[in-house]
Amino acid sequence: MHELSLMASVMDIANEELARHGARRLTLLRVRHGALDQVQPDAMRMAFEAMTAGTPHEGAILELVEEPLRLSCCLCGHEFAPDGRDALYAPCPACGETVPFRVIGGEGIFLDHLEAE
Ligand SMILES: [Zn+2]
């Protein structure tokens, strides 16, 4: 259940932002999560509800946006968005070589946007 610790670090950043802007109550939180991180949206929601219950942020909206995986071939530089993570170990669709790919999108958890009052 790594969603709890992910959500905790997102909330840490959110609380810092709130403090900086003198806001007290979070109304909306948008989190982008990379396809590679395999975050369970339901678990993220549960973690968010558990963490905001009984706080001024209770009832805030959590938006989860999955960022698709994007890879770049280390050999020919071809950039593409595969259907799944299996593409990491498949030959490059452009040059046909089995080479390491660079992950250029779809990795990591980011606090994208927040609204507060
Ligand atoms: Zn290639």
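In this predicted model, helix 1 buries E3, M7, V10 and A14. These residues span an arc of only 65° around the axis, so they sit on the same side of helix 1. The opposite side of helix 1 carries the exposed residues S5, A8, S9, D12, E16, A19 and R20. Helix 2 can be read in a similar way, and a nonpolar core comes after that.

**Helix 1 (3-21)**

- Helix 1 runs for 19 residues and reaches 27 Å from its first C-alpha to its last, close to the 27 Å expected at 1.5 Å a residue.
- The cover over the buried residues of helix 1 includes strand 1, helix 2 and strand 6.
- L4 also belongs to helix 1. L4 has 14 C-beta neighbours inside 10 Å, and because buried takes 20 or more and exposed 12 or fewer, L4 counts as partly exposed.
- The C-alpha atoms of L4 and A47 are 5.3 Å from each other, although 43 residues separate the two along the chain.
- G22, just after helix 1, adopts a positive phi of about 65°.

**Helix 2 (41-52)**

- Helix 2 is built from 12 residues, and its first and last C-alpha atoms are 16 Å apart, close to the 16 Å expected at 1.5 Å a residue.
- M44, A47 and F48 are the buried residues of helix 2. Their arc around the axis is only 100°, which places them on the same side of helix 2.
- D42 and A50 are exposed, on the face of helix 2 turned away from its buried side.
- Helix 1 and strand 2 (61-67) are what the buried residues of helix 2 pack against.
- G54 follows just after helix 2, with a positive phi of about 75°.

**The largest nonpolar core**

- Eleven residues form the largest nonpolar core: M7, V10, A14, L26, L29, V31, M44, A47, F48, I109 and L114.
- At least two residues of this core come from each of helix 1 (3-21), strand 1 (26-34), helix 2 (41-52) and strand 6 (109-116).
- In soluble globular proteins, nonpolar side chains tend to be buried together.
- Among the core members is L29. Leaving aside residues up to four places away in sequence, L29 touches A14, A60, L62, E63 and L114.
- The buried residues M7, V10 and A14 of helix 1 appear in this core, and so do M44, A47 and F48, the buried residues of helix 2.

Methods:
Residues numbered from 1 in each chain as written. Predicted model: local features only at pLDDT ≥ 70, side-chain atom pairs only at ≥ 80, totals over all residues. Core = buried A, V, L, I, M, F, W, Y, C linked by C-beta atoms within 7 Å. Helix = DSSP H or I, 4+ residues; strand = E, 2+ residues; numbered from the N terminus. Contact = placed C-beta atoms within 7 Å. Expected span 1.5 Å × (residues − 1). Arc of directions from axis to C-beta.
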